[in-house]
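Here is a short note to read beside the model. Keep the sequence and the 3D view open as you go.

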Amino acid sequence: MDQQTKDLETERGAGGETHQIARGAPVLTTQQGVPVADDQNTLRVGPSGPALLEDFHFREKIFHFDHERIPERVVHARGYGAHGYFETTEAIPELTRAAIFARKGERTPAFVRFSTVAGNRGSADLARDVRGFAVKLYTREGNWDIVGNNIPVFFIQDAIKFPDLVHSVKQEPDRGFPQAQSAHDNFWDFVSLTPESVNMLLWQMSDRTIPRSFRFMEGFGVHTFRLVNAKGKAHFVKFHWKPRLGMQSVVWNEALKINGADPDFHRRDLWDAIHAGDFPEWDLGLQIFDEAFAERFPFDVLDATKIIPEEEVPIRIVGRLVLDRMVDNFFAETEQVAFCTQNVVPGIDFTNDPLLQGRNFSYLDTQLKRLGSPNFTHIPVNAPKCPFQNFQQDGHMTLRNPKGRANYEPNSWGVEGGPRETREGYRSYAAPENGAKMRARPERFADHYSQARQFYISQTEIEQRHIKDAFVFELSKVETPRIRERVVSHLLNVDEALAKQVAQGLGFAQLPERAKPAKTPITTLAKSEKLSIIANGPKSFKGRKLGVLVSDGADAKLLIALAEACKSVGAMIELVGPQVGGIKASDGSTVPVKQKVVGGPSVLYDAVAIVLSEAGCALLSGEATAKDFVSDAFAHGKFIGVVPAAKPLIEKACVEMDNGIIALDSPAAAKSFLDRCGMLRFWEREPKVRAV
Ligand code: HDE
């Protein structure tokens, strides 16, 4: 009996229902604080009679339940948040007067929400999708929100196209599907008619959109912002979050299977890591540049479909973000958190990026719809942690109203008259503006292909293949041939070989005509090494997870050696076996098992080890899910450690031995196996397992 039930007295009602009477536990009350005697039965006329309207307890409970949902976010509905802090590692007062950057060592509380974009609140984590990376920094001078993504560019250049983009990617309105997928006609129809999307499409078809974990993703502010110093001098800036654990993604076939095996894969990963004390960290990097650079850069720095390569403007690390605490309540914090791009602090300012300007309107507006009151700022996760006061008052659900007589200013009531302005307050950068009113984009926005090409040529061969495969997969789900052709006609302006491979993958009889570019693409942009995930891999198994398939009689010493090797590199280990009750290892000890093999497929792990006895191997060789465990790990390029007794299972799984399969013939082999796992994937295998 656990502690909780010990503190309770249990009684059975006349109908056999359970009444738990509070002894040590707090008393259950109504919202009005009235103690409840019976929470199991509605008030009725006799045990079989009709219910009574005067049952205020029942009515209040059901009324509240009926109103539990609030509208989900129109985009980024599915998300997961955590608390932490930002620590300034370099003071930059020469660049910005922002208090957060004034002093090295300054710690600022932070809340981060990661999300997918297209799916509904209950959709699966491994959809091919951009990830939101929204950071709220509770600075001494107010809240600063960097509402970014894990991809540094966007689909569109002007906010007026956002509703069209989002409508096109979400479920088609007549049929209500597909859920959380861009692989359908409407999405590809829209983007193929919107060539400014092409750069983003290359990123979207890359492995960036199937991250292994939130912890292994970069984050970007996307737009160009301004830093303004105390003298009013401004610099342009782009914000980058760099994961200390390095970047990593899964492969597409794995993503599809993870969605079935554990639709909450990313949530669980963050939950487990934070609870294990493995707090994920990101460095904050700044790309700082001035008007002169903006002038000579071949693209417009206000165009959110373009990056500035790190090779051209290096990144300066000025702080680190650490996530060290999960929320107490998902709804109160993660669901109700309200990010707004217009939440900036003195020393941080906007630019005229037309996407950013539109966002500054949209976010405030959307919070009113979702949270239902202009007082959403009173909710603890949204309220600043520095003092704040003004004369805004009343409205739904207000928790704060101005005290005293004055609710306006100027007033005659002196210090009693409430808050007043300060010269130190937020001042917008005095950017000179003039021009005729019009609906038009700058001509420098017209290049749609050059950076898409640059991104593509910056990838390793494996990553290029994944991009090609992703285009072929998505377009194979598009039913209208002319939409498929239109996409390939754009790819011809990006990279001819890629376009041809995609056309071949789709079974085209002939290549379509090249799309006519609005501006001739530049084909001489240099590769940017930093754009590849694989080339910048961490080469360490830290933060990753080993899955070990075990059976009765498994080598106890080897299991201990594997656990120690994982611990020494900072990795997690999870045992998968025939039953969750655990196994009896070779030394007679009982070893707990986390997953039954049917619920613990190898897609949940970064590498696997097969540690079976001969009898265990014979048993599992007759189990299809055990064979899948091996053959999926093989197909997904994972390192596989195998004890000699488990060889028959490897053969049954039709797996060919290669250098990614490592013999675990003694406990001493555990460490070198884990070192190999640090390469994360055995990519050389991939061409052998992918024929179409
Ligand atoms: Fe958003 N976006 N967005 N977006 N966005 C929202 O605000 C919008 C854009 C991003 O975890 C909404 O609170 C417009 C770019 C994130 O709560 C909404 C445009 C980038 C999140 C909205 C964009 C983002 C949102 C929906 C085109 C990357 C989730 C719910 C101009 C830099 C934040 C909400 C969270 C959420 C509007 C484009 C990132 C409707 C109009 C570009 C991470 O206001």
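The points below go from the whole chain to the ligand, and then to one serine.

1. **Status and make-up.** This is a predicted model. The chain has 692 residues. Its secondary structure comes to 20 helices and 20 strands. The radius of gyration is 29 Å, and the globule rule gives 26 Å for 692 residues; these values are close, so the chain is as compact as a globular protein of that length.

2. **Extent.** Look at the C-alpha trace along its principal axes. It spans about 90 × 80 × 55 Å.

3. **Inside and surface.** How much of the chain is buried? Buried residues make up 52% of the 692. The accessible surface comes to about 32900 Å². Carbon and sulfur atoms account for 54% of that surface.

4. **Contacts along the sequence.** Take the contacts between residues at least 6 apart in sequence. Of these, 72% join residues at least 24 apart.

5. **Who surrounds the ligand.** There are 23 residues around the ligand. Which come nearest? They are Arg-73, Arg-113, Arg-359, Tyr-363 and Gln-367. By class, the shell holds twelve nonpolar, eight polar and three charged residues.

6. **Polar contacts to the ligand.** Start with Arg-73. An N or O atom in the side chain of Arg-73 is 2.7 Å from an oxygen atom of the ligand. Now turn to the ligand's nitrogen atoms. A ligand nitrogen is 3.4 Å from an N or O atom in the side chain of His-76. For the side chain of Arg-359, the distance from an N or O atom to a ligand nitrogen is also 3.4 Å.

7. **Elements behind the shell.** Three elements give two or more residues to the shell: β5 (131-139), β6 (142-149) and α10 (354-371). Which of the elements gives the most? It is α10, with six residues.

8. **Ser-586: place and exposure.** Find Ser-586 in the loop between β15 (583-584) and β16 (590-591). Why is Ser-586 called partly exposed? Its relative accessible area is 48%, and the class covers values between the 20% limit for buried and the 50% limit for exposed.

9. **Ser-586: neighbours.** Leave out residues up to four places away in sequence. Ser-586 then touches Gly-553, Ala-554, Asp-555 and Ala-556. Compare Ser-568. Ser-586 and Ser-568 are 18 residues apart in sequence. In space they are 24 Å apart, C-alpha to C-alpha.

Technical notes: Residues numbered from 1 in each chain as written. Predicted model: local features only at pLDDT ≥ 70, side-chain atom pairs only at ≥ 80, totals over all residues. Heavy atoms only, no water. Near = heavy atom within 4 Å. Polar contact = N/O pair within 3.5 Å; in protein donor to acceptor, adjacent residues only side chain to side chain. Helix = DSSP H or I, 4+ residues; strand = E, 2+ residues; numbered from the N terminus. Nonpolar A, V, L, I, M, F, W, Y, C, P; charged D, E, K, R; others polar. Rg over C-alpha atoms; globule rule 2.2 N^0.38 Å. Buried < 20%, exposed > 50% of the residue type's maximum accessible area, 1.4 Å probe, protein only. Contact = heavy atoms within 4.5 Å. Areas by Shrake-Rupley, 256 points an atom, 1.4 Å probe, with all protein chains shown as cover.
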